[in-house]
Amino acid sequence: MRSCIESIEAEETLATESWVYAGRSIGYSGAMEKAASPGLPSGVLVFVKRDCPTCELVAPILQELAKKVPLTVYTQDDPEFPDALDAVDDTDLSVSWHNDIEAVPTLLRVESGKEVERAVGWHRGEWEALTGVDDLGPGLPELRPGCGSLSVDPVRGPELAIRFGQSRLQSRRVEIATLEDEMQACFDRGWSDGLPIVPPTEARVLAMLEGTKRAPDEIVATVPPDLVQCSVEKVAINAVMAGCRPSYLPVVLAAVEAACTDKFNIHGLLATTMSAGPVLIVNGPIRKSIGMNSGKNVLGQGNRANSTIGRALQLVIRNVGGGRPGDVDRATLGNPGKVGFCFAEDEEGSPWTPLCADFGFSEGTNTVTLFPGEGPRTLVDQISREPESLARSIAATLRTMYSPKMALAFDVVVIVSPEHARIFREAGWSKDDLRAKLHELTLIPGSEIVGGALGIAEGLPESVREHSIPKFRPDGLHIVHAGGGAGLFSAIIAGWVNGEIGSQTVSWEIKS
Amino acid sequence: MTILLDPTSERVPAERVRAERLPTLVGQTVGLLDIAKMRGDLFLDQLETRLAGEGAKVIRYKKPTFTKPAPIDLRHEIAEQCDAVVEALAD
């Protein structure tokens, strides 16, 4: 353990010292000088670390080999290991990294600086063939697998890639002065939505990119309002800033793709004076694998994935698309969800098929559904035990959405919590049954909705007085199951201008 | 020193050069772009009357919906046909 700590400290020192930047006058850095690949001596080379039982096992063999062949030992974690051998200190992992050492011990045979043969782990036959020395380790087992090389340690990988010049990233480098606070620097550059962000260092962005198989330079979408082509790399940078883990990145990428479709129309949603923003609802096994919350406090704080995925999308719109409050974002009031609004559906406890199935995806598909919505509004009914009564309760609340004098302009998401869902489940109501009943109960007599009715000037034209007006379009009423197990509450999320002139809900498959 | 990656589009903030001002409206073609917000046409009717009174030829255009940017074909059409354009948001 002592040697491990030393090696990490040594690595950090090197990491700092080997980063040399050619600064430009406006505070951006250009080309970096990268650590050069070290040359290899001819003969037999072996890479080891003390923290590896197989390396400990073969240490006596190495001492024997050193007497018979030109042997160079590279040690990754403790320059004193193996005993009695003058090992080369590779605690900065430069030789290991440049020679793609994936496990220790690894044996190489090198001629004129070129590797000509390799053996990984301990395998007597391979070692004897490679070294030309017979009867190696007579008391040892025939073979023993090795341990992971520190040069491929996932924690160190991104930093090593940067240090040794393998960065594939294209984004402009921005220098932050030593005495400048990183968080403040990000605020000062206008990158933040008002909350602190995680500074997007190259190491963090490279680690984020491990979350997807997609190439950093692949174009994900054209982002409004500036209509900028946005790469996977730019999404990853903003996902880092939002606080995402790499495993969330596929969800963020899917959300960016969905948001920037003409159908969802993030441009209009951004520019509107109304309060709405993108609401993200996640379905499929990925909810569990990335630890999303679909239960207690599902629409609230406290879960990293829920809190950061929607935020990452909004940061992409802000930073890549150039959509900022007060500029193209003309919201009169806005809503707190515009920082980022994302949650998962509780599929396991639901009496119904998941939301994604309403958009043609089979159950079990990883999807993110984008709804143009405002903040959630709680709907309380603690007395109804019959589905008809509860449906009436929900419908009465839905009818007032935005204004009791408005209809057909806005879609809605109804989030039915487990205790309310139980009432529909026990009565055998399918999701379509509930949806049909809600449509029926939100039909509004024209006389109640025309301008002037109820003493309110707002309203529809006089010509609808003799008709019944549906509050929602036939496909404008979405139902999702989520929330904690206790509480006879549900919630509604009111939409924004629906249909082709505004925004249509989009469900998008999440791909790795 | 910390190095961060720029999260933005990296567009150099280009200062837009304004089109040269028209010395006179007489004989000039002025486009009026209706952004498709309600009652915007009433406002543009008044503008058209005033511009015509100044001797300008007026061509009216309309976006399909106020929520989306004008389609590129419409923008091109305006640029091709007009010496000046009035595009404004009124709510």
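In the predicted model, strands β15 (residues 277-283) and β16 of chain A are paired in the parallel sense through 4 bridges. Within this pairing, A:Phe343 of β16(A) is the bridge partner of A:Ile281. Strand β16 of chain A, spanning residues 341-344, is covered on both faces. A:Phe341 and A:Phe343 are buried on one side, and A:Cys342 and A:Ala344 are buried on the other.

Chain A as a whole comprises 16 helices and 23 strands. Its radius of gyration is 30 Å, whereas the globule rule gives 24 Å for 512 residues; chain A is therefore more spread out than a compact globule. The C-alpha trace of chain A extends over about 105 × 60 × 35 Å along its principal axes. Of the 512 residues in chain A, 46% are buried. Among the contacts in chain A with a separation of 6 or more, 74% are formed by residues 24 or more positions apart.

The domain assignment divides chain A into domain 1 (1-165) and domain 2 (185-509). The centres of these two domains, taken over C-alpha atoms, are separated by 51 Å. The contact between them involves 4 residues from domain 1 and 4 residues from domain 2 of chain A. On the domain 1 side, the residues touching domain 2 are 3 nonpolar and 1 charged, with no polar residues.

Several backbone features occur in the loops of domain 1 of chain A, which covers residues 1-165. Most peptide bonds are trans, and most residues other than glycine have a negative phi. A cis peptide bond with omega of about -5° links A:Phe81 to A:Pro82, and A:Pro82 is located in the loop between β4 (71-75) and β5 (88-89) of chain A. Another cis peptide bond, with omega of about -5°, links A:Val104 to A:Pro105. A:Pro105 belongs to the loop between β6 (103-104) and β7 (106-111) of chain A.

Positive phi values in residues other than glycine are found at A:Ala84, near 65°, and at A:Leu93, near 65°. A:Ala84 lies in the loop between β4 and β5 of chain A, while A:Leu93 lies in the loop between β5 and α3 (94-98) of chain A. The surroundings of A:Ala84 include 10 other C-beta atoms within 10 Å, so A:Ala84 is exposed. A:Leu93, by contrast, has 27 C-beta neighbours inside 10 Å and therefore counts as buried.

In chain B, an open sheet of 3 strands is arranged in the order β3-β2-β4 with parallel pairing. Strands β3 (57-62) and β4 (84-87) of chain B form the edges, each pairing on one side only. Neighbouring strands of the sheet are turned against each other by 25° on average, direction ignored. Strand β2 (residues 29-34) of chain B is joined to β4(B) in the parallel sense by 4 bridges, with B:Val30 opposite B:Ala84. Helix α1 (residues 40-53) of chain B packs on this sheet and touches β2, β3 and β4 of chain B, its direction making about 170° with that of β2(B). Helix α2 (residues 72-81) of chain B also packs on the sheet and touches β2, β3 and β4 of chain B, at about 160° to the direction of β2(B).

Between the chains, 15 residues of chain B contact 35 residues of chain A. The chain B side of this interface has 6 nonpolar, 5 polar and 4 charged residues. Strand β12 (residues 173-176) of chain A and strand β1 (residues 2-5) of chain B run antiparallel and are joined by 4 bridges. In this pairing, A:Glu175 stands opposite B:Ile3.

Conventions: Residues are numbered from 1 along each chain as its sequence is written. Chains are lettered from A and ligands numbered from 1 in the order in which they are written. This is a predicted model: local features need pLDDT of at least 70, side-chain atom pairs count only at pLDDT 80 or more; totals for chains, interfaces and linings use all residues. Two residues are in contact if their C-beta atoms, placed from the backbone, lie within 7 Å. Ala, Val, Leu, Ile, Met, Phe, Trp, Tyr, Cys and Pro count as nonpolar, Asp, Glu, Lys and Arg as charged, and the others, Gly among them, as polar. Two strands pair if DSSP finds at least two bridges between them. Helices (H or I, at least four residues) and strands (E, at least two) are DSSP runs, numbered from the N terminus. Axes are lines fitted to C-alpha atoms, for helices over the stretch in contact, and angles run from 0 to 180 degrees between N-to-C directions. A residue is buried if 20 or more other C-beta atoms lie within 10 Å of its own, exposed if 12 or fewer, and partly exposed in between; C-beta atoms are placed from the backbone. The radius of gyration is taken over C-alpha atoms; the globule rule is 2.2 Å times the number of residues to the power 0.38. Domain bounds come from an automatic or database domain assignment.
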